[in-house]
Amino acid sequence: MQFSISDSKPGECPAVCLVAGIFEDGKLSQPAHALDSAARGYLSNLLKQGAIQGRSGQALMLYQVPGMRAAQLLLVGLGKEPDFKLQAYRKAVLRASRALNEYGVKDAASTLSLLPVPGTDAYQRVRHAVECVHEANYRFDQCKGKKHNHKPTLQKLALLVGTHKDQGAGERGLRDGNAIAAGVALAKDLGNLPPNVCTPSYLANEARKLAKGGKLKVTVLEEAQMKKLGMGALLAVARGSRQPPKLIIMEYRNGPKNAKPQVLVGKGITFDSGGISIKPSAAMDEMKFDMCGAASVFGAMKAVLQLGLKINLVGVVPSAENLPGGNAVKPADIVETLSGQTVEILNTDAEGRLILCDALTYAQRFKPAAIVDIATLTGACVIALGNVVSGLLGNDETLVKELWNAGEQAADRAWQLPLYDDYQDALKSNFADFANVGGREGGAITAACYLSRFTKDMRWAHLDIAGTAWKTGKEKGGTGRPVPLLVQYLLDRA
Ligand code: BES
Ligand code: MN
Ligand code: ZN
């Protein structure tokens with residue numbers, strides 16, 4: 001996909017197809033109005049006849065509109081003008097990109113990036129447009145037969161910006177948007193791969209692939225080293241599987257020498273059957289997405305590498321497969337974690353926190369400026385927040401606010417849940433220091449409480465992406481979230 005930033009006038013744009021927006025109740029957006037004037041009221045006439053009302057989701061392709069250079073004009077609905085904010089803008093760009101592909105358009109130009117969107121400048125409008133076009137063009141067909149061909153047709157897109165001054169901002173938006181989209185696509189691919197392919201070893205190789213550019217130091221801890229270190233919790237989860245667990249460490253050091261690194265820790269359960277506390281079989285296939293936290297760390301790392309950000313960043317990915325078996329961990333087993341604290345495993349399906357706790361303890365050795373873990377951790381988080389926002393908890397309000405703000409900027413939102421001490425009681429155990437589960441109530445919070453016991457001396461936050469990392473139903477597939485949030489957070493630190 002070839003993007004360009006252009007300050008040409010809509011009517012003079014050399015692309016084959018021009019895109020323009022219509023607000024609800026048939027009001028022409030400013031660029032559409034200019035086209036209408038050149039066409040002597042041709043468009044306003046069409047609107048009067050009810051050809052398109054401008055509702056969000058609408059699209060209408062026109063041919064040979066008088067007074068403009070492009071042969072085609074795609075009108076897209078923008079929804080109500082007062083509601084035209086970042087989300088509505090992104091929706092319109094996504095709809096337009098899908099329509100361009102449906103009509104087989106190869107070469108287009110968009111005036112949508114000229115529209116005023118509250119709280120945005122040309123940088124953000126271009127960046128979000130680029131992300132949305134990549135979103136529309138994304139396919140996952142590497143596991144389908146050769147005959148399968150639904151490739152997107154769109155190959156060239158010019159994004160119009162108003163003034164010469166906006167040109168530079170647009171170019172920066174293009175660069176960042178492309179990098180975020182590359183990270184999102186990698187996270188989607190890893191999530192979408194079947195669990196017989198995407199194993200802990202596969203993820204370890206993926207890290208080595210990222211290191212090929214020479215800007216990343218990758219270390220993979222094997223089972224024997226985990227035993228030596230005393231990672232009893234991570235090892236317990238892996239025991240039921242033939243797939244060996246991996247602890248993948250990616251070190252990117254491109255910031256000031258002595259600056260403490262940002263550390264991202266991603267849950268990499270490549271399949272979660274629940275183990276001996278086995279899950280019901282309905283929708284169990286979706287537990288291949290239980291490594292989407294890990295995928296988001298790979299995605300964020302890919303974007304940072306592509307941008308060459310001047311920061312220090314460490315990615316830590318504990319990875320295992322959670323299966324039942326003759327050697328599997330059982331409810332009531334007690335293990336000693338790397339931190340020295342003992343845990344009674346009352347439910348083997350609460351495995352994410354078990355692999356994360358040892359990874360979080362291990363990550364302390366990097367003396368993090370802040371540590372953020374990302375995990376498809378609890379069904380309870382989906383009940384609490386649905387599929388719209390990721391759950392956000394932490395022991396440092398500034399860090400939580402920084403992540404929240406990054407989510408808003410990146411249109412990849414998160415919402416804070418409380419981490420009051422009162423919730424800690426749920427983890428009481430009669431036999432070990434604490435248990436790995438609380439009750440059903442407040443499950444997303446008590447899961448974070450468990451993690452908080454391993455991050456006492458660090459600035460730490462936790463993103464529960466159980467509801468946001470993938471879509472179910474007809475559009476089943478990874479979303480690439482929260483790569484945009486993470487990259488924004490890192491951009492803000494660079
Ligand atoms: N990977 C799941 C969480 C999950 C479930 C994400 C459904 C998305 C959809 C996690 O390992 C898990 O099984 N959590 C349990 C915890 C419980 C046993 C305390 C859950 O949420 O049911
Ligand atoms: Mn589980
Ligand atoms: Zn899980």
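**A two-metal site in a predicted two-domain chain**

The manganese ion (ligand 2) is held by the protein donors D272 (OD), D349 (O), D349 (OD) and E351 (OE), which lie 2.1 to 2.2 Å from the ion. Donors here are N, O and S atoms within 2.8 Å of the metal (3.2 Å for Na, K and Ca), and sites may look incomplete since water is not among the atoms. The structure is a predicted model, in which local features need pLDDT of at least 70 and side-chain atom pairs count only at pLDDT 80 or more, while totals for chains, interfaces and linings use all residues; side-chain values use heavy atoms, with hydrogens and water left out. Residues are numbered from 1 along each chain as its sequence is written, with chains lettered from A and ligands numbered from 1 in the order in which they are written.

Around the manganese ion (ligand 2), the six donor atoms subtend angles of 70 to 167 degrees, which makes the arrangement irregular. Six donors count as octahedral if opposite donors are over 155 degrees apart and all others between 65 and 115; four count as square planar by these limits, or as tetrahedral if all angles lie between 85 and 135 degrees, and anything else is irregular. Along the sequence, the donor residues of the manganese ion (ligand 2) follow the spacing D-x76-D-x1-E. D272 belongs to strand 11 (residues 268-272) and E351 to the loop between strand 14 and helix 10 (352-363), so the pair ties together parts that are 79 residues apart in sequence. Helices (H or I, at least four residues) and strands (E, at least two) are DSSP runs, numbered from the N terminus. D272 and E351 are both buried, where buried means under 20% relative accessible area, exposed over 50%, and partly exposed in between (1.4 Å probe, protein chains only).

The second metal is the zinc ion (ligand 3), 3.1 Å from the manganese ion (ligand 2), and D272 coordinates both. Protein donors of the zinc ion (ligand 3) are K267 (NZ), D272 (OD), D290 (OD) and E351 (OE), at 2.0 to 2.4 Å from the ion. Here the six donor atoms subtend angles of 78 to 177 degrees, which makes the arrangement octahedral. For comparison, ideal angles are 90 or 180 degrees for six octahedral donors. The donor residues of the zinc ion (ligand 3) are spaced K-x4-D-x17-D-x60-E in sequence.

Strand 11 is mostly covered, with five of its five residues buried. Four bridges pair strand 11 with strand 12 (residues 312-322) in the parallel sense, and I269 has A320 as its bridge partner in strand 12. Two strands pair if DSSP finds at least two bridges between them. G275 sits in the loop between strand 11 and helix 9 (292-307) and, at 2% relative accessibility, counts as buried. Beyond residues up to four places away in sequence, G275 touches N322, L323, P324 and T348, contact meaning heavy atoms within 4.5 Å.

Turning to another sheet, strands 13, 14 and 18 form an open sheet of three strands in the order 13-14-18, with mixed pairing. Strand 13 (333-336) and strand 18 (434-435) stand at its edges, each with a single partner strand, so one side of each is left without a neighbour in the sheet. Strand 13 and strand 14 (residues 342-345) run antiparallel and are joined by four bridges, with V335 opposite V343. The loop between strand 13 and strand 14 contains Q341, which counts as buried at 19% relative accessibility. Q341 and F434 are 93 residues apart in sequence, yet their C-alpha atoms are 8.3 Å apart. Leaving aside neighbours within four places in sequence, the contacts of Q341 include V335, E336, D433 and F434.

At the level of the whole chain, an automatic or database domain assignment gives domain 1 (2-162) and domain 2 (185-493). Their C-alpha centres lie 38 Å apart, and the contact takes 13 residues from domain 1 and 14 residues from domain 2. The two domains bury about 1,100 Å² between them, 45% of it on carbon and sulfur atoms; buried area is the accessible area (1.4 Å probe) that two parts lose on being put together, summed over both. R127, Y138 and F140 supply 43% of the area that domain 1 buries against domain 2, more than any other three residues.
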